[in-house]
Amino acid sequence: MNIELLTTVLKIVISTALFFVWVVRYDNIIAEFRRDYNYPDWLRDLTGITKLSCAVMLLTTNPELNEMGLKGIITLMVFAILTHIKVKSTFRKAIPSITLLSLCLALLYLG
């Protein structure tokens with residue numbers, strides 16, 4: 001498998017995962033932000049808009065937008081992991097954030 005194909009697959013996997021969580025499972029996100037994290041609704045919505053925007057940037061053919069989207073997702077995943085640490089989530093609940101961060105870092109390294 002060549003690097004270009006691998007980076008394309010990673011971009012699709014990352015963007016699809018973000019879309020699934022923030023669109024398909026949005027009710028779950030609402031509950032988590034209120035119940036588990038005690039974060040305000042505006043922060044949840046800003047986070048979602050930013051993640052989805054970064055996912056779209058990742059899928060464009062523009063290298064600058066790709067990099068901006070990738071770095072945005074990396075930043076958001078670091079804060080997600082810090083939130084899991086802050087609220088003392090189980091490791092199992094932090095796995096999606098850690099996985100997405102790892103995939104993004106791999107993509108950054110390959111890029």
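Which helix is Ser97 found in? Ser97 sits in helix α5, which covers residues 91-110. Keep in mind as you look around that this is a predicted model.

**Around Ser97**

Is Ser97 buried or exposed? Ser97 counts as buried, because its relative accessibility is 8% and the cut-off for buried is under 20%. If you set aside the neighbours within four places in sequence, Ser97 is in contact with Met77, Ala80, Ile81 and His84. Helix α4 spans residues 63-86.

**The pockets**

Ser97 turns up again when you look at the largest pocket: along with Tyr37, Lys51, Ala80 and His84, Ser97 is one of the lining residues that lie nearest its centre. Two of those names, Ala80 and His84, are also among the contacts of Ser97.

The lining of the largest pocket is shared out between several helices. At least two residues each come from α1 (3-24), α2 (26-36), α3 (41-59), α4 (63-86) and α5. Which helix gives the largest share? That is α4, with eight residues.

Next comes the second largest pocket, with a volume of about 220 Å³. Closest to its centre are Lys11, Asn66, Leu70, Leu107 and Gly111. Here the elements that supply two or more lining residues are α1, α4 and α5.

Here are the two pockets next to each other:

| Pocket | Volume | Lining residues | Nonpolar | Polar | Charged |
|---|---|---|---|---|---|
| Largest | about 730 Å³ | 30 residues | 18 residues | six residues | six residues |
| Second largest | about 220 Å³ | 13 residues | seven residues | three residues | three residues |

**The cysteines**

Now for Cys54 and Cys104. How many disulfides does the model have? The count comes to zero. Why is Cys54 not bonded to Cys104? The closest cysteine sulfur to that of Cys54 is the one in Cys104, and at 9.2 Å it is too far for a bond, because a disulfide needs the two sulfur atoms within 2.5 Å. Seen from the other side, the sulfur of Cys104 has that of Cys54 as its closest cysteine sulfur, again at 9.2 Å.

Are these two cysteines buried or exposed? Cys54 is buried, with a relative accessible area of 4%. Cys104 is buried too, at 0% relative accessibility.

**Putting it together**

To recap, buried Ser97 belongs to α5 and lies among the residues nearest the centre of the largest pocket. Helices α1, α4 and α5 each give at least two residues to the lining of the largest pocket, and these helices also give two or more to that of the second largest.

Conventions
Residues numbered from 1 in each chain as written. Predicted model: local features only at pLDDT ≥ 70, side-chain atom pairs only at ≥ 80, totals over all residues. Heavy atoms only, no water. Helix = DSSP H or I, 4+ residues; strand = E, 2+ residues; numbered from the N terminus. Buried < 20%, exposed > 50% of the residue type's maximum accessible area, 1.4 Å probe, protein only. Contact = heavy atoms within 4.5 Å. 1 Å grid on protein atoms, 1.4 Å probe; cavity = no way out; pocket = protein on both sides within 12 Å on 5 of 7 lines; lining within 4 Å. Points joined across faces, edges and corners; volume = space filled by probe spheres on them. Nonpolar A, V, L, I, M, F, W, Y, C, P; charged D, E, K, R; others polar.
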